[in-house]
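Open the structure in your viewer and keep the selection panel handy. We will go from one selection to the next, with a short look at what is there each time.

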2 protein chains.
Amino acid sequence: MLSAASQLSPAEQGSVPVLPSEEARRAYRAGEIAVTAGVAPGYVQGNLAILPEKLASAFHRFCQLNPKPCPIIGISEVGDPRIPALGIDLDIRTDIPLYRIWRNGEMVEEPVDIMKHWRDDLVAFVIGCSFSFEEALVADGLKIRHVEEQRNVPMYRTNVPCKSAGPFSGPMVVSMRPFKPAEAIRAVQITTRFPSVHGAPVHLAKPELIGIKDIAKPDYGDAVSIRPDEVPVFWACGVTPQSVILHSKPEFAITHAPGYMLVTDVRNSAFSIQ
Amino acid sequence: MLSAASQLSPAEQGSVPVLPSEEARRAYRAGEIAVTAGVAPGYVQGNLAILPEKLASAFHRFCQLNPKPCPIIGISEVGDPRIPALGIDLDIRTDIPLYRIWRNGEMVEEPVDIMKHWRDDLVAFVIGCSFSFEEALVADGLKIRHVEEQRNVPMYRTNVPCKSAGPFSGPMVVSMRPFKPAEAIRAVQITTRFPSVHGAPVHLAKPELIGIKDIAKPDYGDAVSIRPDEVPVFWACGVTPQSVILHSKPEFAITHAPGYMLVTDVRNSAFSIQ
């Protein structure tokens with residue numbers, strides 16, 4: 001005769017350990033609001049962009065044309081809030097701590113879930129984020145200045161145009177991390193292994209060549225110090241797709257609130273190509 | 001009954017094609033004197049250093065400790081002039097177009113072969129050369145400035161010390177190629193694949209940080225132009241071991257004459273680690 005315990009599912013019995021990423025999503029689903037930096041170390045976090053189907057196709061083409069700023073790591077079926085490839089139980093309507101609702105390019109609400117905003121015609125895109133490659137840089141002994149200085153990474157609008165698709169066009173946004181030259185070379189090698197999370201830098205050393213007038217005045221995030229023996233190194237940034245979407249003033253869009261990312265069950269190391 | 005032709009070896013019959021590298025070595029063996037840049041494209045060329053056995057062991061350790069400037073791609077048995085791994089028929093005493101004989105750090109002769117200098121206690125080291133990675137850069141569409149300007153690559157003595165072994169010590173010598181920042185990033189990726197021929201750059205953008213006072217005045221080779229939208233990119237250079245050997249004033253040493261390299265039968269692509 002079966003014992004009572006054996007009639008529970010393995011997860012209910014506790015025999016399948018809950019991933020830290022799953023645990024985080026459960027907390028956000030229950031209403032916890034917290035930035036996700038440092039949450040579930042080792043697991044990929046992603047940027048969210050949700051669009052109506054009629055815009056989603058053009059946005060998908062835009063990402064395809066601009067893989068460095070817009071590396072898609074997950075995409076939902078139309079009207080389906082699940083993205084099983086990023087987490088079996090994942091529900092894109094509830095599992096992010098804080099969302100932003102946009103109408104005609106204006107932010108109209110910042111809710112903790114989007115249950116009442118979900119529609120049958122929505123498509124959710126999850127786009128890679130630099131947290132993954134920063135973890136690989138740190139694992140190699142490099143120090144991330146904005147982490148050391150407890151600030152947000154500095155980000156800049158460049159004069160480098162993305163390739164446009166449908167209504168979506170605009171300049172690439174880049175994030176910046178200063179390194180000594182030999183460290184910058186090592187950082188190129190390490191981040192090259194992670195094409196799904198922005199990959200290798202797009203620029204280094206000469207900010208003025210990509211239209212950055214004052215490195216001390218980022219367009220997003222916070223300024224960080226750059227020492228005389230360092231060069232600024234620039235990576236394509238996941239803020240690009242968001243900035244491009246909002247610039248096109250879509251009638252309706254949903255994004256995550258900055259810093260409140262989607263925590264997935266995919267390990268960062270799974271995104272390394274070697 | 002066998003025909004006359006079938007009694008010849010396959011190579012003599014012409015049924016085994018002679019490699020362009022083999023052909024070049026045969027010409028040098030016959031006394032032709034010519035720089036090897038552009039000879040046998042696709043095949044690895046190497047720097048030569050020959051030392052008496054009692055110094056060879058320390059030099060081998062020196063190379064082991066400093067793999068970026070001194071990547072050994074071939075080494076002879078003591079007193080044996082062959083290095084079959086680099087070419088079945090290769091004879092290190094004859095197959096380089098021009099040699100230099102050194103006594104106590106002074107160049108005493110520049111012969112076309114070293115038959116009369118060969119000794120039972122000599123060890124020949126062949127060290128990778130940047131021709132291999134330059135070919136990979138060009139194949140990717142990058143332009144090499146010193147090739148465009150038909151000059152020798154500019155090389156600089158740095159203030160970066162090599163790790164010393166026995167009598168061998170001294171600063172790293174670097175070669176420089178200017179690139180736009182995005183090209184420099186691509187060049188890091190490409191040359192990373194070729195650790196046997198100096199690998200990734202060791203420095204970029206700020207020459208003064210490695211003790212280069214005037215980029216327009218290289219210590220070896222020729223100056224090349226650097227445009228305002230470019231950064232200088234520095235690779236560890238095979239001139240390093242030669243400069244270190246001569247600095248130690250060994251009682252006897254043989255090297256190739258600059259520009260007159262050993263042409264091997266190893267394909268450049270065979271040195272790519274991916």
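The tour below goes through a predicted model, starting with the domains and ending with a single residue.

**Stop 1: the two domains of chain A**

Start by colouring chain A by domain. Domain 1 is made of two stretches, 19–129 and 242–271, while domain 2 covers 131–238. The centres of these two domains, taken over C-alpha atoms, are 22 Å apart. Now select the residues where the domains touch: domain 1 of chain A gives 24 residues to the contact, and domain 2 of chain A gives 24 residues.

Which elements give two or more residues to the side of domain 1 that touches domain 2? They are β1 (43–52), α3 (53–65), β5 (122–128) and α7 (239–247) of chain A. The largest share, five residues, belongs to α3(A). If you colour this side of domain 1 by residue type, you will find 14 nonpolar, eight polar and two charged residues.

**Stop 2: strand β5 and its partners**

Stay in chain A and select β5(A). Is this strand mostly covered or mostly exposed? It is mostly covered, with seven of its seven residues buried.

Next, add β1(A) to the selection. This strand runs antiparallel to β5(A), and seven bridges join the two. For a landmark, pick Gly46(A), which stands opposite Gly128(A) in β5(A).

Then add β2 (residues 72–75) of chain A, which also pairs with β5(A) in the antiparallel sense, here over three bridges. The landmark for this pair is Ile72(A), opposite Ile127(A) in β5(A).

**Stop 3: an open sheet with a helix on it**

Now select β6, β7, β9 and β8 of chain A. In that order, these four strands form an open sheet with antiparallel pairing. Its edges are β6 (155–161) and β8 (203–204) of chain A, each of which pairs on one side only.

Zoom in on β7 (residues 171–179) and β9 (residues 231–236) of chain A, which run antiparallel and are joined by six bridges. Here Met176(A) faces you as a marker: it stands opposite Phe234(A) in β9(A).

Show helix α6 (residues 181–192) of chain A as well. This helix packs on the sheet and touches β7, β8 and β9 of chain A. Its direction makes about 15° with that of β9(A).

**Stop 4: where chain A meets chain B**

Keep α6(A) in view and bring in chain B. The contact between the chains takes 17 residues from chain A and 17 residues from chain B. On the side of chain A, the elements that give two or more residues are α6 and β8. The largest share, seven residues, comes from α6(A). This side of chain A divides into twelve nonpolar, three polar and two charged residues.

How do the two chains relate? A rotation of 180° with 0.0 Å of shift along its axis superposes chain A on chain B, with an RMSD of 0.0 Å. That is the relation of a two-fold axis. The same surface serves both copies, as 100% of the contact residues of chain A recur in chain B.

**Stop 5: one residue in chain B**

Finish by selecting Ser57(B), found in helix α3 (residues 53–65) of chain B. Ser57(B) counts as partly exposed because it has 13 C-beta neighbours inside 10 Å. As a last step, draw a distance from Ser57(B) to Gly141(B): these residues are 84 apart along the chain, and 41 Å separate their C-alpha atoms.

Note on methods
Residues are numbered from 1 along each chain as its sequence is written. Chains are lettered from A and ligands numbered from 1 in the order in which they are written. This is a predicted model: local features need pLDDT of at least 70, side-chain atom pairs count only at pLDDT 80 or more; totals for chains, interfaces and linings use all residues. Domain bounds come from an automatic or database domain assignment. Two residues are in contact if their C-beta atoms, placed from the backbone, lie within 7 Å. Ala, Val, Leu, Ile, Met, Phe, Trp, Tyr, Cys and Pro count as nonpolar, Asp, Glu, Lys and Arg as charged, and the others, Gly among them, as polar. Two strands pair if DSSP finds at least two bridges between them. Axes are lines fitted to C-alpha atoms, for helices over the stretch in contact, and angles run from 0 to 180 degrees between N-to-C directions. A residue is buried if 20 or more other C-beta atoms lie within 10 Å of its own, exposed if 12 or fewer, and partly exposed in between; C-beta atoms are placed from the backbone. Copies are superposed by least squares on the C-alpha atoms of residues with pLDDT of at least 70 in both.
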